[in-house]
Amino acid sequence: HLITTRGRCCLFHPGGRRRKAWDIMGMCFLLYDIFVIPLRFFDVPPSMLLDAMGWATMLFWHADIFMSFSTGFFHQGLLEMSRCQIAKHYAQTWLIFDLIVVSVDWVMIWTDASVQNTARVVRLSKNIRLIRFLRLVRMIRLAKMSRM
């Protein structure tokens with residue numbers, strides 16, 4: 001449910017329909033990443049579909065950061081819907097990890113947009129692709145959330 005009471009505008013219940021729909025979308029993007037990221041090691045020829053899905057997944061994970069700042073959580077069995085407490089909890093749990101993951105995406109875009117034909121950039125790009133596997137840890141997070 002979207003909570004719109006005084007001081008709690010646009011906060012989401014962690015078990016609400018909208019949050020569950022968001023988590024299902026996240027699982028779909030995650031499954032896509034599970035299959036596509038390993039393909040990147042084989043220098044798959046570029047395609048418009050892969051480019052579009054790359055942007056879509058990147059934008060989703062960026063939006064997920066904002067969604068996480070707007071989703072309540074359970075603390076000692078009680079629902080916490082204070083925006084300040086939500087931000088504090090997120091900052092202490094997944095925020096750093098999420099920022100690292102989306103930062104890697106931006107580094108990938110930056111390296112692909114800059115001098116693409118040098119061997120140094122190619123090596124850097126392949127090393128950064130390894131780091132993108134960090135996104136797979138999100139499965140643990142989604143599994144944890146589904147138990148609540």
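**Exercise 1.** Leaving aside its neighbours within four places in sequence, which residues is phenylalanine 60 in contact with?

*Solution.* The model is predicted: local features need pLDDT of at least 70, side-chain atom pairs count only at pLDDT 80 or more, and totals for chains, interfaces and linings use all residues. Residues are numbered from 1 along each chain as its sequence is written, and side-chain values use heavy atoms, with hydrogens and water left out. A contact means heavy atoms within 4.5 Å. Once neighbours within four places in sequence are set aside, phenylalanine 60 is in contact with Trp22, Met25, Gly26 and Phe29.

**Exercise 2.** Describe the order of helices and strands in the chain.

*Solution.* Helices (H or I, at least four residues) and strands (E, at least two) are DSSP runs, numbered from the N terminus. The chain has six helices and four strands. Read from the N terminus, the elements follow the order β-β-α-α-β-β-α-α-α-α.

**Exercise 3.** Identify the residues that touch the most other members of the largest nonpolar core, and the helices that supply this core.

*Solution.* A nonpolar core is a set of buried Ala, Val, Leu, Ile, Met, Phe, Trp, Tyr and Cys residues joined through side-chain atoms within 4.5 Å. Buried means under 20% relative accessible area, exposed over 50%, and partly exposed in between (1.4 Å probe, protein chains only). The largest nonpolar core has 14 residues, of which Phe60, Trp61, Ile65 and Tyr90 touch the most other members. At least two residues of this core come from each of helix H1 (17-39), helix H2 (48-68) and helix H4 (95-113). In the chain as a whole, 34% of the 148 residues count as buried.

**Exercise 4.** Trace the network of salt bridges that includes Arg19.

*Solution.* A salt bridge is a side-chain nitrogen of Lys or Arg within 4 Å of a carboxyl oxygen of Asp or Glu.

1. A search of the whole structure finds two salt bridges.
2. Aspartate 23 and arginine 19 form a salt bridge through their side chains, at 3.0 Å from N to O. These two residues are about one helical turn apart, because they lie four residues from each other in helix H1.
3. Arginine 19 also forms a salt bridge with aspartate 64, with the closest N and O atoms 3.9 Å apart. This pair links distant parts of the chain, since arginine 19 lies in helix H1 and aspartate 64 in helix H2, 45 residues apart.
4. Arg19, Asp23 and Asp64 are thus linked in a network of salt bridges.
5. Arginine 19 is buried at 2% relative accessibility, and aspartate 23 is buried with a relative accessible area of 11%. Aspartate 64 is buried as well.

**Exercise 5.** Is phenylalanine 12 buried or exposed?

*Solution.* Phenylalanine 12 belongs to strand S2 (residues 11-12). Its relative accessible area is 14%, so phenylalanine 12 is buried. The C-alpha atoms of phenylalanine 12 and phenylalanine 69 are 9.5 Å apart, while 57 residues separate the two along the chain.

**Exercise 6.** Which residues form a nonpolar patch on the surface?

*Solution.* Patches are made of residues with over 30% relative accessible area and no salt bridge; like charges are joined within 9 Å, nonpolar side chains (Val, Leu, Ile, Met, Phe, Trp, Tyr) within 5 Å. Accessible areas come from the Shrake-Rupley method with a 1.4 Å probe, and for residues only the protein chains shown count as cover. Leu39, Phe42 and Val44 form the patch, with about 310 Å² of accessible area together. Leucine 39, found in helix H1, is partly exposed at a relative accessible area of 42%.
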